[in-house]
Structures are given as C-alpha cells and as structure tokens.
Amino acid sequence: MTWNEYYMNIAIAVREKANCLGRKVGAILVKENRIISTGYNGTPEGMLNCTEGGCVRCKNREKYKNSIGYDVCICVHAEQNAILSAARFGISIENSTAYTTMRPCFDCSKALLQAKVKALYYLHDWSHPVPELQTQYALIQKQFPGGVKKINMTDPRSHWANQTASKKESSLPPAIKIKSKKL
C-alpha cells in the first residue's frame, strides 16, 4: 500500500460519519506525514442532521439538483470541516496536503487554496454542471503548487457515497495519475 492509498483509505473511513442524504465525503489534512485534521460533510455541530430533516436542500432533492443550491444548504463540506477543525484547535494547515474522497467544489477549492494547502488528492471526480464555469474551476485547481491528482484505487462503498454523482467523467483536463513508493 502506498502512502497516498493509506491516507485515502483513512479519508474513506472518515466519510462513514457523513450524514448528508446525497454525496458522502471524507477529507483529511496531512502535514509532515502526520494527519493533522479530518472532516466529513454534514450539518453544523448542535443542529439536526440531514437524516433527521435538518437540511432543506437534502429534504428537497428534486428541487435542488446536484451541485445546485449550496447557498441554501446548511451542511458543511468535508474539506471545510477539516479546515475549521484545525482552526478551532489552533493547528496550522499551511503547506499541508489534502486527501478527499470527492474532488472539492469551487468553495472548498478556494478555501484550501487560501489556507495555503499545497497539494490535493481525490478519489472521485466532480465537475460543475454549468459548462461555462468548468474552465474557471480548472483555473482555481491549477493554483495548487503540488497539483491536483486523482488516486486510482477501489472504493468498495462508491455507490453509497456517490448516490447523486454522475457516472460520466468530468470534462476537466485529466488528472495526473500518481505512482508512489510502497510503505
């Protein structure tokens, strides 16, 4: 098992806590080969979970299609939760690497970039449903100094985690395939 597979497997384990009725995502931040923060998508602490009816967007999946209505969703994305958890406990994430089970959305990409995360590894692809915005999204992702790379490995719970995900691959430029040293 490579280090990248090791960290992605931990992100997959973190994802198990996600309570979104759509996609389930897990993320971890790694710095100097140590996990410094984790996050999964769900409602803010102290609020009703999506499974309990806490999020209007999750309750109305027909009205709010994939990647639409984030402005009315009360859920916090996995990557945001990892950033916020680190901040809450005073942990610097500058020069860390993010491992996330879903390629981050616009907001999460911007937040990771602004927090100076150096590289991003993801398992499942995501692209914005509006074709005109895909180029702008690609521009944001190109700003990570260490790149944005897809990890090709088996996800035994892919169907469960990506219930609303499109089966079609993203029209973004292909991710760099990585080969890592074995542990």
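**Exercise 1. Work out how much surface the chain exposes and what share carbon and sulfur atoms supply.**

Step 1: the chain exposes about 10,000 Å², using the Shrake-Rupley method with a 1.4 Å probe.
Step 2: carbon and sulfur atoms supply 53% of that area.

A quick note on what you're looking at: this is a predicted model, where local features need pLDDT of at least 70, side-chain atom pairs count only at pLDDT 80 or more, and totals for chains, interfaces and linings use all residues. Residues are numbered from 1 along each chain as its sequence is written, and side-chain values use heavy atoms, with hydrogens and water left out.

**Exercise 2. Find the buried residues of helix H5 (residues 131-141) and say how they sit around the axis.**

Step 1: pick out the buried ones (under 20% relative accessible area, 1.4 Å probe, protein chains only). In H5 they are Gln134, Tyr137, Ala138, Ile140 and Gln141.
Step 2: check the arc, taken from the directions from the helix axis to the C-beta atoms. These residues cover only 155° around the axis, so they lie on the same side of H5.
Step 3: flip to the other side of H5, where Glu132 and Thr135 are exposed, meaning over 50% relative accessible area.
Step 4: look for partners. The buried residues of H5 pack against helix H4 (106-114), strand E4 (119-124) and strand E5 (148-150), with contact meaning heavy atoms within 4.5 Å. Helices (H or I, at least four residues) and strands (E, at least two) are DSSP runs, numbered from the N terminus.
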